[in-house]
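Got your viewer open? Let's walk through this one stop by stop, selecting as we go.

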Amino acid sequence: MNILFDERLDGTLPAVDKDALVTHLTAHLPDMTLLHREEDLRPFECDGLSAYRVLPMLVALPDTLEQVEALLGICHAQGVPVVTRGAGTGLSGGALPLEKGVLLVMSRFSRILDIDPEARTARVQPGVRNLAISEAAAPHGLYYAPDPSSQIACSIGGNVAENAGGVHCLKYGLTVHNVLAVNILTIEGEHITLGSEALDTPGFDLLALFTGSEGMLGVITEITVKLLPKPESAKVLMASFDDVEKAGKAVGDIIAAGIIPGGLEMMDRLAIQAAENFVKAGYPVEAEAILLCELDGVEADVHDDCETVRRVLEAAGATDIRLARDDAERATFWAGRKNAFPAVGRMSPDYYCMDGTIPRRELPRVLKGIADLSATHGLRVANVFHAGDGNMHPLILFDANAPGELALAEEVGGKILELCVEVGGSITGEHGVGREKINQMCAQFSPDEITVFHAVKAAFDPLGLLNPGKNIPTLARCAEFGAMHVHHGNLPHPELPRF
Amino acid sequence: MTHPQDQHPSQDARTLPARDHNASEALLERVRQAAATGTALRLVGGGSKGFYGRPVVSETLSLAEHTGIVNYDPVELVVTVRAGTRLADLQAVLAQEGQQLAFEPPHFGENATVGGTVACGLSGPRRPWAGSVRDFVLGTRMITHDGKRLHFGGEVMKNVAGYDLSRLMVGAQGTLGIIDEVSFKVLPRPAASATLRLEMGLGDAMARLAEWGRKPMPITGAAHDGETLHLRLEGGASSVANTQAQLGGEPDDTAFWTQLRELELAFFSRRHDDRPLWRLSLPHRAPPLALDGDTLVDWAGAQRWLRSELPAATIRQHAAQAGGHATLVDRDRAHGVDAPFTPLSVVMDKYHRQLKAKLDPKGIFNPGRLYEGL
């Protein structure tokens, strides 16, 4: 549990008199919902990374921007840390509360302010669910492209804070490519707008800087996203392989043929079996790997591309290729992939989802490394992979009730991420660093690079009150936990059994 | 990891990409000296975009010798290149593999470099459909104010670890650090392309574009010169042919897009017209602005070029009311304007200065290039 906030390593947090703060906030913000009793705080003790739980000092649930502004003003004046949270679906602990901090929950800002089909934009409050934007845009033939697998529940404010992805990133980009503007409240209570409906703004590209900054530079209060016309046609090919490496090579062959698929996903044998047992998607359970290749766009091009991809897959040694006959079968093919996480969840009491990215050419080496780690640590690992853009989601199966297994899963996860960095990749492609990967940041970035990150933070939040401890580790933390990652030296918990 | 030279050993040396020359150490040394003595540095690549910004009066640091493609793997859709590499050289290497920089950057001169392209953050006619320079930057190596060479982002499609320093460098005009190397996402060139001329007024053109914009059509260029809508279609052979048949119009010279991108159409010529040239960046559906002068519309309405004698404040006020901003593009420095870019609001200015103070505390990188004192 060495990722929980530790003032010795992560910096001292101001001591706040909780009762005095409650009295002050209640006096100044009588209409704002403020939770302070333990039983009321309990539901907010974790986000989607539920293995880690911290009871916040207070939970604020404002309804108006004026309340957010006043709350920030008071926290700024009194030196109280603020952790902003949306729907709480994040997988990296980006909204993990602080014992000495206020949890600012933006979920009541859930209004779609404007869908403008002429401009092809949606202006929304941060608590609006990702999928709700596409649903509201659908009558106009438009949609919002980034589709994280939690899109039914996750909110757009959190998507911007984490720069969320999805299965269509290679062609349609991440959140950063699909947001036109955000309104921000600074910790000092200033309103600023970054970006615009025009395609550029004067000065620095602060919109890009704030996207993915995990609530550490400001609080997002409104977002304008770009809407795209729905593709006229979408088709999915499913190819089976008797060898994972052949499937990996086929991915490169499709790209080399000049095709950028809308989605290109790979699953290994364990993931295929889990998904098939769960949703009966018609997956070939005897295959070592499958590829799902979605081609979308103008009908005539999709038809031509399907033929090209089929030829490429045949040449790459696919043992079976199936084209979804209709939209129903296409949805079924995708259902297996989109339910892969819960499907794996049925095979094991707990699982730990990783989010590393790699250059695709390194896939065989990384998969072998994962298999070796799985064997030496005695934990099964299922692999689902956004193959087109090199974003891996190894799912480590474990039992949190078995003594030491969580720590063992963390250790395997940490080593997988270090392997991703070693081959030239990143510790996170779309889930964010949050608190989960705070130690692995020390493997990806040098102390000098981390110092620059802290400088950027200080330019916007000199007192370090916004989401302290997330995303960027202190050098002290890297000295304590980072050295072993860089040098592959001693393990963090030598007392743990290894088998 | 492949290198173009390895793949085409027999090729004429003159068509090969820029000399593989890593000048990082020399650059770092110059920065350390400048930091020690508090000397400001004017960063120069090919010198093709020196006009795009305020003059910087200080010692020159040339990046032109820092050249070469560090890594290019077409199947990964990633290329990493040193900042001083000529843009044309990079594009030639990508073209050999059937790939391109999809944001279609303007050159403004044969010596335009990759570093200057990223620093100035300019994108060409395809921008509304494909994305801008920053959308294709995956990572950078940058030289910091204290003479360190640091790596942000990377050579993978998705990387959300830490703050996005790489994209922050785009358009910052070298005021926050020196771009040493850049990794771009590259894309296949479209299988088919067609350029059409459709005779119609601006109002009709904007209405048609708004309608087409809600449909999945293979449009990647849309400019109106006052009489004619120039439309580019790119995509698969079938969709381009079908759309062309559906829209009609006259086939047009594809060189139009190059001339538009490079500001070489007659509209931009100072011989024809010596009024100042303004670039208006506006929401694409903004109605025509009531400003005296001649307008050429690009980016389906989101970028409008204006030749006008009106005062800067008037032009900027109209642009701001329409939801955008106005930049003076003075290629010959004929108009001697001190503030080419729209001034920042008080709060934005404060955070720009605080960021500059953190990343370049001694103010050695291109001081004043974007704004006075920044």
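Start with chain B and colour its two domains: the C-alpha centres of domain 1 of chain B and domain 2 of chain B lie 27 Å apart. Domain 1 covers 4-188 and domain 2 covers 191-340 of chain B, with bounds that come from an automatic or database domain assignment. Now show where they meet: the contact takes 14 residues from domain 1 of chain B and 18 residues from domain 2 of chain B. Two residues are in contact here if their C-beta atoms, placed from the backbone, lie within 7 Å. On the domain 1 side of chain B, the touching residues divide into 7 nonpolar, 3 polar and 4 charged. For that split, Ala, Val, Leu, Ile, Met, Phe, Trp, Tyr, Cys and Pro count as nonpolar, Asp, Glu, Lys and Arg as charged, and the others, Gly among them, as polar.

Some housekeeping before the next click. This is a predicted model, where local features need pLDDT of at least 70 and side-chain atom pairs count only at pLDDT 80 or more, while totals for chains, interfaces and linings use all residues. Residues are numbered from 1 along each chain as its sequence is written, and chains are lettered from A and ligands numbered from 1 in the order in which they are written.

**Helix α11 of chain B**

Select residues 312-321 of chain B, which form helix α11. Helices (H or I, at least four residues) and strands (E, at least two) are DSSP runs, numbered from the N terminus. Which residues of this helix are buried? B:I315, B:R316 and B:A319 are. A residue counts as buried if 20 or more other C-beta atoms lie within 10 Å of its own, exposed if 12 or fewer, and partly exposed in between, with C-beta atoms placed from the backbone. The three buried residues cover an arc of only 95° around the axis, so they sit on the same side of α11(B); the arc is that of the directions from the helix axis to the C-beta atoms. Spin the helix round, and the face turned away from the buried side carries the exposed residues B:A313 and B:Q321. To see what covers the buried residues of α11(B), add strands including β14 (277-281), β16 (303-307) and β17 (325-328) of chain B.

Step just past the helix: B:G323 takes a positive phi of about 95°. Then pick B:G324, in the loop between α11 and β17 of chain B. B:G324 is buried, with 27 other C-beta atoms within 10 Å. Leaving aside neighbours within four places in sequence, B:G324 is in contact with residues of chain B, including B:L280, B:P283 and B:A319, and with A:S196 and A:A198.

**Two more backbone stops**

Where is B:L77? This residue lies in the loop between β3 (69-73) and β4 (78-82) of chain B. B:L77 has a positive phi of about 60° although it is not a glycine, and it is buried, with 23 other C-beta atoms within 10 Å.

Jump to B:E104, in the loop between β5 (99-100) and α4 (114-120) of chain B. B:E104 also isn't a glycine, yet has a positive phi of about 55°. With 20 C-beta neighbours inside 10 Å, B:E104 counts as buried.

**Where the chains meet**

Show both chains: the contact takes 69 residues from chain B and 78 residues from chain A. On the chain B side, the largest share, 8 residues, comes from α12(B). The residues on that side divide into 33 nonpolar, 22 polar and 14 charged.

**Over to chain A**

Colour chain A by its domains: domain 1 (7-105), domain 2 (112-229), domain 3 (233-343) and domain 4 (348-487). The centres of domain 1 of chain A and domain 3 of chain A, taken over C-alpha atoms, are separated by 44 Å.

Next, select residues 52-230 of chain A, where UniProt places the feature "domain: FAD-binding PCMH-type" (unreviewed entry). UniProt positions are given in the numbering used here, feature names are shortened, and annotations may be inferred rather than shown by experiment. The end C-alpha atoms of this span lie 39 Å apart, and the span is 21% helix and 25% strand.

**Last stop: the cores**

A nonpolar core is a set of buried Ala, Val, Leu, Ile, Met, Phe, Trp, Tyr and Cys residues joined through C-beta atoms within 7 Å. The largest has 212 residues, and A:V344 and A:L395 are among the members that touch the most others. Helix α15 (residues 405-422) of chain A gives this core its largest share, 8 residues. Apart from that core lies another, of 31 residues, among them B:L209, B:I219, B:A222 and B:A319.
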